[in-house]
Amino acid sequence: MSVRNLHFLFEPTAIAVVGASDTPRSVGAVVMRNLLDGGFAGPIMPVHPKYRAVAGVLAYPSVDLLPIAPDLAILCTPPDTLPRLIDQLGRKGCRIAIVVSADAEWAGCRQAARRHNMRLLGAGSLGVLVPKSRLNISFSHIPAEPGRIAFVSQSGALCTAVLDWARPRGIGFSAFLSLGDCMDVDFADALDHLANDEATRAILLYIEDIRERRAFMPALRAAARNKPVVLVKAGRAADDPSPSQAAFLAEALTRPDEAFEAAIGRAGALGVTDLDELFAAVETLARTRPPRGDRLAIVSNGGGTAMMAVDELLRGNGTLAPLSEECIRKLQVLLPKSAKVGNPVDLAVDSDGKRTADAIRVLIEDPEIDAVLVIHAPNAMTDGIEVARAVVDTQKRHGGHVLTCWVGEAAARPARRLFAEAGLPTYDTPGQAVRGFRHLLAFQSHQEMLLQTPPSHLLDFQPDAASARAIVARSLAAGGGLLLESEAKTMLAAYGIAAQPSHHVADSEAAARKAVEIGLPVALTVASPDIPRKWDVGGVALNLETPDAVRAACAGILHRTATKRPDARIEGFTIQSMALRPHARQLMIGIACDPLFGPLIVFGEGGRAVEIVRDHTLALPPLNLPLARAMIERTRIVRLLAAHGARAAADIEALAVALVRLSQMLVDNPEIVACDVNPLFCDDQGVLAVDARMRIEPITPGDRRHFAVLPYPGHLEEPTVLHDGTEVLIRPIRPEDEPAHADLIGHMTPQDLRYRFHGHIRTLAHHQLARLTQIDYDREMAFIATHTGKDGQPETLGVVRTVTDPDNHRAELAILVRSNLKGTGLGRKLLETMVAFTRNRGTHEMVIQVLAENAAMLKLAAKMGFALKPAEEDPDIVEGILICD
């Protein structure tokens, strides 16, 4: 992952077209024509040994004979020529090359490029289009119009389809990038560049394959914090495994497409399933802002189209806005006397521009309505253009969140162009319009989840990590594999998840004795590493009320398992008292590992029909309470957790806490490769794990279990003592630290805040504080000094942070210490901690910018070895550089 040389792809000063041609319809000819037609202002240098000129431009017989070094080259030559040409371009000083051939030999091309620090786009790339730079270095048949959306795709064919779709709708692009096979430049690189591109307001990705999620996830999270990112992933169904092949239910439920959705949702991006949805999302994000809420009003000149929109809205669990009495009264004045006023609002087939505009105005002004969808079907009694102009004028005059849908084709085109020019989102069908609205809400929800501050009370919980590690160590020493049910439950209990005690017994007599000891009635299951689903072989017996019933059940289980699974190893039985929780809902929680995104937490409906019902959701660990609550709310079973008649509401908070603690167990014990807790009883008394299975495997280099979202690095915590004797803990910052971080800002003098932020500031808004406290512990790092205040609450005394570029070359440093703690040595201790972390990370240099009047900080920086000099862009700022490697 690197942005090195990428700006030459989007803003080159000189371009070479290697393999340029005058042969009609050849790639070399189309690329030359597009470059010239686009009006690129810099030198365009065709290279071909047989031509003196191509498209009227002087040609050069070889790369070596080019008069100047091209920043960017596009290779339109056969695959066997590519490594030699890339080597020649590198020696000439070229910074990046586009490889058109899909059959390029990767190893040779990459080796040649690396010798010269070159970047490669492709293989199989359509090219790149940057309208603001008047750059069309592609073989697309359609140019891109200028705009604020960047489109990045692995499919060149899809690029041309999107361009063809966007042009008549007036959708423009800041950049259009065809990655091809991602032999070098990949999605992470593109995201890192476009996230900081001021010309780009939103980023769209079409993904066929992601090979390295450790680069992709940080880049996606960083980009999605700055601007909307929408993704469509191809090939989902083909990747789905057969559920019956999975030994654990959590593994059976964890399909690649669902893991992908969980990952991009955690990053704050929006995922869609197909091109229709992508186009609807493009339309929405290009032209509108997030609404206040999810209450939608629908206005139409025909009942049928309106009901189609209502059906689509309700299918997606959307909210049809109820109309207030005042709103209904105002609409009754505007509509025909025979009209029955409600939502959707039927304007009647003969509705003209004035009636439509007046109705929209009433709905916009209603505070109980968040957005208005206007649907118009063509007919002989109305002028669709006149109605469209009325909609545009009303929205401009009164504001509001308005979406439009002019149904039809030829008759609807002029109105759609009008909406495009006015910046209003418009859709071809009611279904597309409603899906576009849902996309906007989903994106807004993902963004809000990024900004939620977790409560800090869970931090007080201390698991019995030593007991859990002892079980893991014993399993690893024995070669790993399945834990006994009793061991799995001990692991859960060590992390505060209540579990019904279970006992392993060798035979029927031992089972009968243990039943009396623990108390009847009991439940009995077969113990076998070869039988993952004990119900399927008759390996379960419940409500056994006497010792004789236990003995009989043992015999029956042995007989049934021998009949259905004669190959299975039988290691005795597991016995436990019956958990008598008559009002409990049966749920399941678990752990699985996705081949790309690593460990996942699974939650959903439990019991025997888990794989059939498939009411579940996935999330990337580590979890906090807001993320756990969101998991629960995404399932249908959340409705069953509410109170029903005499059945009290289940303790959802206890369920969310159990998910957080399961996540913490996984973070502390990454050797857990799979886990099922099914059933997990949940009622008003809390949660209880009735059955649990767990598999342990050693971690090896390159293991799939590396977390896609890095967990809190607790090993970096370090206690220290200040010069005045104050004991503090220097540790990485957590999202839960937001309130204390706000208090830190409140304890600063105006001058110290100006020194830190290079401007006048007194407070920080929630979204700013969330951005400072929710970091990725990789490219972003922050250490705080904290201790317990007089009121028993944690206090943040100071913070040091760095933001490192994707190349891991430069880390930008900032530091803030409470104004009343100057001279205690806290600033130096924080800085020493960050320097050590940065050096260990392998970053080349650390950079700090200090106001020239901030003598104390300049003195500290000099003592720490920073080389100080006035900043070139501002004489009032001193820049300090520390070489770390």
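**Sheets, a helix pair and hollow spaces**

Biologist: Which way do strand E8 and E9 run relative to each other, parallel or antiparallel?
Modeller: Strands and helices here are DSSP runs numbered from the N terminus (E, at least two residues; H or I, at least four). Two strands pair if DSSP finds at least two bridges between them. Four bridges join E8 (residues 127-130) to E9, and the two run antiparallel.

Biologist: What sort of model are we looking at?
Modeller: Residues are numbered from 1 along each chain as its sequence is written, and side-chain values use heavy atoms, with hydrogens and water left out. Local features need pLDDT of at least 70, side-chain atom pairs count only at pLDDT 80 or more, totals for chains, interfaces and linings use all residues, and the model itself is predicted.

Biologist: Back to E9: which residue there stands opposite Leu 129, and what are the edge strands of that sheet?
Modeller: The sheet is open, with seven strands in mixed pairing and the order E9-E8-E11-E10-E12-E13-E14. Opposite Leu 129 in E9 is Asn 136. Pairing on one side only, the edge strands are E9 (135-138) and E14 (270-272).

Biologist: At what angle to E13 does helix H7 run?
Modeller: Angles run from 0 to 180 degrees between N-to-C directions, with axes fitted to C-alpha atoms (for helices, over the stretch in contact). Contact means heavy atoms within 4.5 Å. H7 (residues 213-226) lies across E12 (202-207) and E13 (229-233), and its angle to E13 is about 140°.

Biologist: In the sheet of five strands, why do E2 and E7 each have a side without a neighbour?
Modeller: That open sheet has parallel pairing and the order E2-E1-E5-E6-E7. E2 (44-47) and E7 (119-121) stand at the edges, so one side of each is left free, as each has a single partner strand.

Biologist: Which residue of E6 is the bridge partner of Leu 75?
Modeller: E5 (residues 72-75) and E6 (residues 96-99) run parallel and are joined by four bridges. In E6, Leu 75 has as its bridge partner Val 99.

Biologist: What is the handedness of the crossing of H20 and H21, left or right?
Modeller: The axes of H20 (residues 508-518) and H21 (residues 547-564) come within 8 Å and cross at roughly 145°. A crossing counts as left-handed if the near helix is turned anticlockwise from the far one by less than a right angle, and as right-handed if clockwise. This one is right-handed.

Biologist: Which element gives the largest share of the lining of the second largest pocket?
Modeller: On a 1 Å grid over the protein atoms alone, a pocket is an open set with protein on both sides within 12 Å along at least five of seven lines, a cavity is a set of points where a 1.4 Å probe fits but cannot get out, and lining residues have an atom within 4 Å of a point. Grid points are joined across faces, edges and corners, and a volume is the space filled by probe spheres set on the points. This pocket has a volume of about 1200 Å³, and of its 41 lining residues the closest to the centre include Arg 756 and Met 857. The largest share, seven residues, comes from E36.

Biologist: How much space lies in the largest cavity?
Modeller: The whole structure holds five cavities of 30 Å³ or more. Lining the largest are, among others, Arg 214, Met 217 and Asp 778. The space in it is about 70 Å³.
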